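User: Hey, can you help me read this one? I'm new to this, so plain words please.
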There are 4 protein chains.
Amino acid sequence: MKITTRVLYKDTDRAGVVYYANYLIWFEMGRAEFMRSAGYSYDELEKQDYVMPVIESFCKYHAPAFYDELITIETAIREINKYKLTFFYRIYRQTDEKLLAEGHTIHASTDSHLKVRMLPESLINRLQHCNNSK
Amino acid sequence: MKITTRVLYKDTDRAGVVYYANYLIWFEMGRAEFMRSAGYSYDELEKQDYVMPVIESFCKYHAPAFYDELITIETAIREINKYKLTFFYRIYRQTDEKLLAEGHTIHASTDSHLKVRMLPESLINRLQHCNNSK
Amino acid sequence: MKITTRVLYKDTDRAGVVYYANYLIWFEMGRAEFMRSAGYSYDELEKQDYVMPVIESFCKYHAPAFYDELITIETAIREINKYKLTFFYRIYRQTDEKLLAEGHTIHASTDSHLKVRMLPESLINRLQHCNNSK
Amino acid sequence: MKITTRVLYKDTDRAGVVYYANYLIWFEMGRAEFMRSAGYSYDELEKQDYVMPVIESFCKYHAPAFYDELITIETAIREINKYKLTFFYRIYRQTDEKLLAEGHTIHASTDSHLKVRMLPESLINRLQHCNNSK
């Protein structure tokens, strides 16, 4: 699933490029829209007391992103079971489709007290379906 | 009351200076330490169901702050009553005491449901005392 | 001129609402798109050595913004001359058009060394034209 | 090498814990102070046209950090050669020394145009010395 965002001034640092931690914010944008497209907004999940805290993040930075560029965020599920969900991301510059970064986040499935809570079967199915069709 | 912080890379933007919104984070650092020095950490206040949401922020930017500079954050109370609290801030470069920015934030006093809740007399007194002695 | 953005998790704080400094980022989004709609992206202006540093920011916070809400950013020019430009912003919740915040930023016109540099007449005209037509 | 920082409101998200991308900012704080303690502030390095862009970041999140907690950032060098530098970080809660997160960043050595530039022998030696003595 692909979405587009634009590099803001606040995203950049004095090296003139996007600061490295901000790619993790793009990852958040990607997975939020992936889940929405599967019919489960993360907000609604939390209202049903499903929380998906990040337990691991990884990013490889291939080339810098610059101010005002349009950025493509591609999100997919790499692995999913009742206890854990791994999203995989690729960040491209939109104009020339140059790959700028790629990475993943792993999420546990808990309740709001951070106690393990199995992901519902229906959610797993929907996310997998969504993943295959995109 | 004065505290010191250092400009991080993440604070800067591609103009090579600190991004304008980040001064409001320095304001937060300033008022948190002001309150702690008065014996009321903001965290404890919230645990007693006092919330102090910002209802107004203002900042005048006089000169840019650069990467790795030590910054002095000076915080004072300008006005306080049972319903409202105004903090005033001055941001200096530490080495030459050049004034970089100044501004204020106004805070309402509410409970965690954002309903008006009067500030306790004891807190007002302590903050005023603290303000006069620094 | 109006644009839309969505509240991210990273925008929120532990009070469950958007952190106050992040409204200034929405202001940046608003003025960047305003300028683009007038035919002058801020990026291109900087490439011609026009820099528009913020010299004042102001924001009144009327009601909190929550996670995942769609937010409308309305941007207009309030004052413009060769030396200074004031943008005015209103932030709404999209669903019910509730006004959440409003404020302004004042920008000087300088070159990249922060020396005063008069805004070109053509830019002033285009921005004013844009302002009236929206 | 260990430094201390305090969790700000702006670091937290609506789950009431520190947002995952902000650990990468703590990593930046850690490596900046590590380098300073070795006698090479990152700022000075850049003035000599050495840039050390992040090419990989990794973080494992073990337990959440909460508002107002004092956080210990422990930084060490895991690997260093003329072309690459790997910092390793551990994030603790200061009061009980609970491990909250750990991770690494890998940095290339380039000039300001992002062309490969070998790290000076003297810097490598100093950083290694610093690493062993702490």
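User: How many residue pairs are in polar contact across the interface of chain A and chain C?
Analyst: The rule finds eight such pairs there, both residues at pLDDT 80 or more. A polar contact is a pair of N or O atoms within 3.5 Å; within protein, one must be able to donate a hydrogen and the other to accept it, and residues adjacent in sequence count only if both atoms are side-chain atoms. Keep in mind that this is a predicted model: local features need pLDDT of at least 70, side-chain atom pairs count only at pLDDT 80 or more, and totals for chains, interfaces and linings use all residues. Residues are numbered from 1 along each chain as its sequence is written, chains are lettered from A and ligands numbered from 1 in the order in which they are written, and side-chain values use heavy atoms, with hydrogens and water left out.

User: Which element gives the most to the side of chain A that touches chain C?
Analyst: That's α1(A), with six residues. Helices (H or I, at least four residues) and strands (E, at least two) are DSSP runs, numbered from the N terminus. By class, this side of chain A has seven nonpolar, one polar and eight charged residues. Here Ala, Val, Leu, Ile, Met, Phe, Trp, Tyr, Cys and Pro count as nonpolar, Asp, Glu, Lys and Arg as charged, and the others, Gly among them, as polar.

User: And how many salt bridges between chain A and chain C?
Analyst: Four. One of them links A:R6 with C:E33, with the closest N and O atoms 3.7 Å apart. The rule wants a side-chain nitrogen of Lys or Arg within 4 Å of a carboxyl oxygen of Asp or Glu.

User: Switching to chain D. How many residues does the contact take from chain A and from chain D?
Analyst: 22 residues from chain A and 22 residues from chain D, where contact means heavy atoms within 4.5 Å. About 1,900 Å² is buried between chain A and chain D, and carbon and sulfur atoms give 51% of that. Buried area is the accessible area (1.4 Å probe) that two parts lose on being put together, summed over both. A:R14, A:Y20 and A:Y61 supply 28% of what chain A buries against chain D, more than any other three residues.

User: What does A:R14 do with D:E46?
Analyst: Their side chains meet in a salt bridge, 2.8 Å from N to O. The count between chain A and chain D is six salt bridges.

User: What about strands, how does β2(A) run relative to β2 of chain D, parallel or antiparallel?
Analyst: Antiparallel, with five bridges joining β2(A) to β2 (residues 54–61) of chain D. Two strands pair if DSSP finds at least two bridges between them. Opposite A:F58 you'll see D:F58 in β2(D).

User: New topic: where is A:T12 found?
Analyst: In the loop between β1 (2–6) and α1 (22–37) of chain A.

User: Why does A:T12 count as buried?
Analyst: Because its relative accessibility is 1%. Buried means under 20% relative accessible area, exposed over 50%, partly exposed in between (1.4 Å probe, protein chains only).

User: Which backbone atoms lie by a polar atom of the A:T12 side chain?
Analyst: The backbone oxygen of A:Y9 lies 2.6 Å from one, and the backbone nitrogen of B:R14 lies 3.0 Å from one. Not counting residues up to four places away in sequence, A:T12 touches several others, including A:V7, A:Y67 and B:T12.
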